[in-house]
Amino acid sequence: MAPLVMAEGEGELEAGYGGLTALGVGLIAVGVVYYSLTKRKLLIVHKKSSEWGFEIRPAHPYVTVFGPVYPITIHHFLTITGTLLAFVHFLSSPTYSGLRGGTGLGMAILLILLNLSGFFGRYVYGRILIAAKKHDRRKARRFVGLLGYWKTVHTALAVLFAILLAVHLAIGD
């Protein structure tokens, strides 16, 4: 697969590796949806087990997933892997000008911010657990408040990414 391909009928070069990018964005979406559904126990319950497996039940929640890692670890693995795959496409772009290039650049910046934000959120959550174990209510409350602000920012970045992705895809082909 060539890193740069000719755009149909335009005579301009555009970023290649669209298939890897589609896979990357798909992994990001699966990671976000899986974590959202397991965190809220809407359709999926995740139970820690030494082996992978799943069980489908007609009662709510409908699916129980068993595995050796927690849902947040699955979320991190899928979103980081997806981001790396998307960056292959981004780095193959010959230009970041115009609406297509600008939305691509914006998405790349947002993916970096989302990943950094995710690591910060995990850090804050860890600080809440440490404060709770030490029975330090003041510190725990402060970190819970910070986690609330973090969640708002992290969600806003994700929504902005989705909007830029929709615009980028709409003008892409």
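These exercises, each with a worked solution, concern a predicted model.

**Exercise 1. The largest pocket**

Find the volume of the largest pocket, the residues nearest its centre, and the elements that give two or more residues to its lining.

Solution.
- Step 1. Start with the volume: the largest pocket has about 1,300 Å³.
- Step 2. Turn to the lining, which is made up of 41 residues. Those that lie nearest the centre of the pocket are Y35, I72, H75, W150 and H154.
- Step 3. Assign the lining to elements. Two or more residues come from each of α1 (18-39), β3 (44-48), α2 (71-91), α3 (98-133) and α4 (137-172).
- Step 4. Sort the lining by class. The lining has 22 nonpolar residues, 14 polar ones and 5 charged ones.

**Exercise 2. The salt bridge**

State how many salt bridges the structure holds, name the side chains that meet in a salt bridge with R57 as one partner, and decide whether each partner is buried, partly exposed or exposed.

Solution.
- Step 1. The count for the structure is 1 salt bridge.
- Step 2. The side chain of R57 meets that of E55, with 3.3 Å from N to O. The cut-off for such a pair is 4 Å, so the distance qualifies.
- Step 3. Recall the general point: side chains of opposite charge can pair when their charged atoms come close.
- Step 4. Check exposure. R57 has a relative accessible area of 31%, and E55 has 36%. Partly exposed lies between 20% and 50%, so R57 is partly exposed and E55 is partly exposed as well.

**Exercise 3. The nonpolar cores**

Describe the largest nonpolar core by its residues and elements, then follow F87 through its contacts.

Solution.
- Step 1. The largest nonpolar core has 13 residues. Within this core, the residues with the most contacts are F87, M107, L110, L111 and F161.
- Step 2. Helices α2, α3 and α4 each give two or more residues to this core. The most come from α3, which gives 5 residues.
- Step 3. Leave out residues up to four places away in sequence; F87 then touches A108, L111 and I112.
- Step 4. A further core lies apart from the largest one and has 6 residues, including I44, V65, I74 and L78.

**Exercise 4. The loop between α3 and α4**

Place H135 and D136, and classify the exposure of each.

Solution.
- Step 1. H135 sits in the loop between α3 and α4, and D136 is found in that loop too.
- Step 2. Look at the backbone of H135. Its phi is near 60°, a positive value in a residue other than glycine.
- Step 3. Compare accessibility with the cut-offs. H135 is exposed because its relative accessibility of 70% is over 50%. D136, at 25%, counts as partly exposed.
- Step 4. Relate D136 to the rest of the chain. N115 is 21 residues from D136 along the chain, and the C-alpha atoms of the two are separated by 29 Å.

**Exercise 5. Three helix positions**

Place G101, R141 and V153 in their helices, and say whether each is buried, partly exposed or exposed.

Solution.
- Step 1. G101 belongs to helix α3, R141 to helix α4, and V153 to helix α4.
- Step 2. G101 is buried because its relative accessibility of 9% is under 20%. R141 is exposed, with 60%. V153 is partly exposed, with 47%.
- Step 3. Find the surroundings of G101. Not counting residues up to four places away in sequence, G101 touches T95 and Y96. A15 is 86 residues from G101 in sequence, while the C-alpha atoms of G101 and A15 are 9.3 Å apart in space.
- Step 4. Take the two positions in α4. R141 and A131 are 10 residues apart along the chain, with 9.0 Å between their C-alpha atoms. V153 and V124 are 29 residues apart along the chain, with 14 Å between their C-alpha atoms.

Key: Residues are numbered from 1 along each chain as its sequence is written. This is a predicted model: local features need pLDDT of at least 70, side-chain atom pairs count only at pLDDT 80 or more; totals for chains, interfaces and linings use all residues. Side-chain values use heavy atoms; hydrogens and water are left out. On a 1 Å grid over the protein atoms alone, a cavity is a set of points where a 1.4 Å probe fits but cannot get out, and a pocket is an open set with protein on both sides within 12 Å along at least five of seven lines; lining residues have an atom within 4 Å of a point. Grid points are joined across faces, edges and corners, and a volume is the space filled by probe spheres set on the points. Helices (H or I, at least four residues) and strands (E, at least two) are DSSP runs, numbered from the N terminus. Ala, Val, Leu, Ile, Met, Phe, Trp, Tyr, Cys and Pro count as nonpolar, Asp, Glu, Lys and Arg as charged, and the others, Gly among them, as polar. Buried means under 20% relative accessible area, exposed over 50%, partly exposed in between (1.4 Å probe, protein chains only). A nonpolar core is a set of buried Ala, Val, Leu, Ile, Met, Phe, Trp, Tyr and Cys residues joined through side-chain atoms within 4.5 Å. Contact means heavy atoms within 4.5 Å.
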